[in-house]
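Please read the following report alongside the sequence and the coordinates. It moves from the overall fold to confidence, packing, charged pairs and backbone details.

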Amino acid sequence: MAKKQFGFFLVLPVFLLCALRGKPHYSLARRRKWWSGVKNLIFGLILVFILHTLPFKSVQALPPSTYSLSVLIQQGKELFQASRFTEAITIWQQGLNQEKAQGNQLTQAMLLNHLSLAYQELGQWQQAEAAITSSLKLIQSNRNSNNHVSTKLIFAQALNTQGSLQLAQGKTEQALHTWQQATGAYTEAGSISGKIGANLNQAQAQQALGMYLQARKTLKELEQTLLNQPDQELKITGLRSLGNVLRLVGDLNDSRRVLQQITKIQNVNTTFKQHLSLTFLSLGNTARAQGDTEAALIYYQQAIVTSSGGIKQLQAEINKLSLLIETKQQSEAEILSKQILSKLTDLPTSRVAVYAAINFSQNLVKLGDGNKKASAQILAKAIQQAKNLGDQRAESYALGYLGGLYEKNQQWSQAQDLTQQALQIAQSINASDITYQWQWQLGRILKARGEVEQATGAYKVAFTTLKSLRSDLVAINPDIQFSFRESVEPLYREYVEMLLSEGNSGEIEPSQENLTQARVVIESLQLAELDNFFRSACLQGQIVSVEQIERSQAAVIYPIILKDKLEVIVSLQGRLLSHYSTNVSQSQVEETLEELRLSLEKPYTAPEGKSLAQTVYSWLISPIDTELLQKQIKTLVFVLDGGLRNVPMAALYDGKQYLVEKYSIALTPGLELLGPKPLNRGKLKTLVAGLTEARHGFSSLPNVNDEVEAIKSEIPSEVLLNQTFTSSALRKEVDTLPFSVVHLATHGQFSSNADKTFVLAWDRPVKVNELKELLRGREEIQPEPIELLVLSACETAEGDKRAALGLAGIAVRSGARSTLASLWSLDDASGARLISRFYRELAKKNITKAEALRQAQLSLLQDPDYRHPIHWAPYVLLGNWL
């Protein structure tokens, strides 16, 4: 059966495997960090704002040259725009040689700038750097003697190109500085379009560096500039680019709003229709990122209808197909796939066409196993086209995905050979964002072939490469459809499974080395999830030794949810790392956790709720019950995974007692982000900000008044209430006064989407990225961070299974050493009572924050009116528990 169905597969490797030479290597030496997603977006902007600003008349404004040079430049530009970069390089190099012979330095500088752009597109970083360095040297030598406007313009363009190269190499701060210079140079040259492009790039770099308010300000100013722009084509192109950048930095609402402005412009010419089609495509991508799949499908259809055909129409159709498959609209997806397949064969060869073919082949496979042969044929053609174009990135992608098809068909030998070819190409061009995918795929194949030790080695190098990328995880190559949940997260889980599985190296139990590495992988997954959440890699920390944690009489518990089991690693004082597992499916774990969470929010304690809490207790705690007592452990520190974050550990039940009755409890996204340090009671002072009145569509919180009074009675406090609690007033107070505790008694929401994670001030919702700027601004004035951030009336977003990721995001982004927050909001007298008792305990000497919270929870648990978990369970402590 397999031979008949996959006969094409069986003969394909004859011509594809001939390029294989030797075995793959895993050297990570001199591996560069580069941001392929950011790079590709910026190249798009440069194409609009650089090449567009240098038409024939600009060439003729330079020192005299031949007419053939103008022709060569234009030919190269057209090839570049068609994604035929190798041919563009050949043409521009010809022009460069001609200008060298004639001694025209400025035209040489311009051509070197163009060459650098083309080399960057091909991932040829050394050539790109050499070209732009030479360009800038030639310009500098001419600037003193020739200050013509064309000289200024070429200088600005060269700086813009250098900035894109620096960002691609992971030199984000240098890129920002270079683009700031480019903005000034474009201003001197009088190039509005160039200035707009450089400002867009600046905002991108600012966001990447975590400078969210600055990025927001840059983009806001840029939007106003574009709206006042009389050149309609520049306005439309700039607004669309702005909308795309806003989506990339996670500002989805503003992205959609800006893009929708283009659709309101009245224009009927053909060029505008093409702009409109591209705008609808961008709107579809933004709506999809927002989870608004219905609107996204409508926008994609509008992009298709308004397009004049060709590759842009095909891209919209492929995006629509992908979404139809994702939303399980099978019949419509099958009809559309046939339409796309008929068009794909007629496309002229270009990089964009090759990537479209690769994306389409992946969607075909998702549509059903019966499409594997057609997918393989498309990838085989894409490989050949990529070779003809000299595009090694595209060639590596196509080879690797073809290897993945063989993997799915369990043709292990062919799968391994193709994967090794793809890996060798990716490594040869230092494309780490592709490399890790094929290292990971090779690990899966080797595991399937029973070569466990080699498979573990392949997983290890894939994990190492992935850690070195970090930035790429937030802006991976947009030419290839990307999902963190599909393309990153499973690697961590599969690697942990390899490390913890029985039989590694002939051992029954995993070695201490494997357990230690598994702990590192789990923490790295937590960090990667937060990077993806914030769409930047700005979370930095110092790894804390397990021994340092143990001295505080704490046990650290790492559960990780795998496909068929729940694994747990534990660090106990005076013991080596231990490990245990429960054979339970991921779906069963998630279902149990979801039911437990719903049960805890009921105003009574049902028997089935206690039973569910006992089940989770048996998974996480029962195997170490005895050891915890013997070691006199006082605090349990959980590094929680997945749906476990949505359930308060305090409410786990052993059949007689809740967990909080036996231990203080704290959560942490990982010890790498943690610096345990006891609270300085002598400087305890609180800034309390709250809302009692209804604002921005949220209900009133009348019990906040009691909460504020309770805090004031226990600890010195400054209060911002209702109208006085604005975002600017909060920042002013935090910056000017030495508060060790900031308490926000207001509505808030935690979501798996950073754009939907916020706390409510009187004037507006303050999003998580802005909260960081508000609370950490004082670091420049006062060296001591906020010791404790309290969010007492917040809740996780309804229907969002990963919503607690937003809580972890606020905890690490705020800069506070600890965060106390509620998983659900309950505006009744219990909240004020718990908070009052918490601060009373916190003021005592020799009591940790975790123990203060425990005592406050016990005070409610022991009260007949508040003994149900709905009242005391939602409060969780994240970060430093001392």
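The paragraphs below describe the structure as a whole and then turn to individual residues.

## Overall description and confidence

The structure is a predicted model, and the protein in it contains 39 helices and 13 strands. Of its 882 residues, 61% are buried, while the accessible surface comes to about 34200 Å², with 49% of that area belonging to carbon and sulfur atoms. Among the contacts with a separation of 6 or more, 72% are accounted for by residues 24 or more positions apart.

The average pLDDT of the protein is 83, and 84% of the residues score at least 70. When the elements are ranked by mean pLDDT, helix H23 (residues 412-428) has the highest value, 97, and helix H3 (residues 13-16) the lowest, 28. Over residues 1-67 the pLDDT stays under 50, and for this stretch the model has 190 contacts beyond four places in sequence. Residues 472-482 also have a pLDDT below 50, and this stretch has 50 contacts in the model beyond near neighbours in sequence.

## Nonpolar cores

The largest nonpolar core comprises 178 residues, of which Leu620, Leu636, Phe638 and Met649 touch the most other members. Helix H28 (residues 512-534) gives the most to this core, contributing 9 residues. Once residues up to four places away in sequence are set aside, Met649 touches Leu620, Phe638, Leu640, Leu644, Leu659, Ile665 and Leu667. Another core, of 49 residues, lies apart from the largest one, and among its members are Leu222, Ile236, Leu259 and Ala296.

Ala296 is also one of the contacts of Leu323, a list that further includes Arg288, Thr293, Leu297 and Tyr300 when neighbours within four places in sequence are left aside. Leu323 itself is placed in helix H18 (residues 310-326), and it counts as buried because its relative accessible area is 0%. The C-alpha atoms of Leu323 and Leu297 are separated by 7.3 Å, although the two residues are 26 positions apart along the chain.

## Salt bridges

Side chains of opposite charge can pair when their charged atoms come close. A search of the whole structure finds 27 salt bridges, and the table gives three examples.

| Salt bridge | Closest N to O distance |
|---|---|
| Asp391 and Arg351 | 2.7 Å |
| Lys662 and Asp654 | 3.0 Å |
| Arg854 and Glu851 | 3.0 Å |

The salt bridge between Asp391 and Arg351 links distant parts of the chain, since Asp391 lies in the loop between helix H21 (372-389) and helix H22 (392-408), whereas Arg351 belongs to helix H20 (residues 351-367), 40 residues apart. Both Asp391 and Arg351 are buried.

Are the partners in the pair of Arg854 and Glu851 buried or exposed? Arg854 is buried, as is Glu851. These two residues are about one helical turn from each other, because they are 3 residues apart in helix H38 (residues 849-861). Elsewhere, salt bridges that share partners join Glu121, Arg351 and Asp391 into one network.

The pair of Lys662 and Asp654 has another setting. Lys662 counts as partly exposed because its relative accessibility is 23%, and Asp654, with a relative accessible area of 25%, is likewise partly exposed.

## Positive phi angles in loops

Which backbone angle of Gln410 has a positive value in a residue other than glycine? The angle is phi, which is near 60 degrees in Gln410. This residue is found in the loop between H22 and H23, and its relative accessible area of 56% is the reason why Gln410 counts as exposed.

Asn846 also has a positive phi, of about 60 degrees, although it is not a glycine. Its place is in the loop between helix H37 (829-842) and H38, and Asn846 is classed as exposed because its relative accessible area is 84%.

Methods
Residues are numbered from 1 along each chain as its sequence is written. This is a predicted model: local features need pLDDT of at least 70, side-chain atom pairs count only at pLDDT 80 or more; totals for chains, interfaces and linings use all residues. Side-chain values use heavy atoms; hydrogens and water are left out. A nonpolar core is a set of buried Ala, Val, Leu, Ile, Met, Phe, Trp, Tyr and Cys residues joined through side-chain atoms within 4.5 Å. Buried means under 20% relative accessible area, exposed over 50%, partly exposed in between (1.4 Å probe, protein chains only). Helices (H or I, at least four residues) and strands (E, at least two) are DSSP runs, numbered from the N terminus. Contact means heavy atoms within 4.5 Å. pLDDT is the predictor's confidence in each residue, from 0 to 100. A salt bridge is a side-chain nitrogen of Lys or Arg within 4 Å of a carboxyl oxygen of Asp or Glu. Accessible areas come from the Shrake-Rupley method with a 1.4 Å probe; for residues, only the protein chains shown count as cover.
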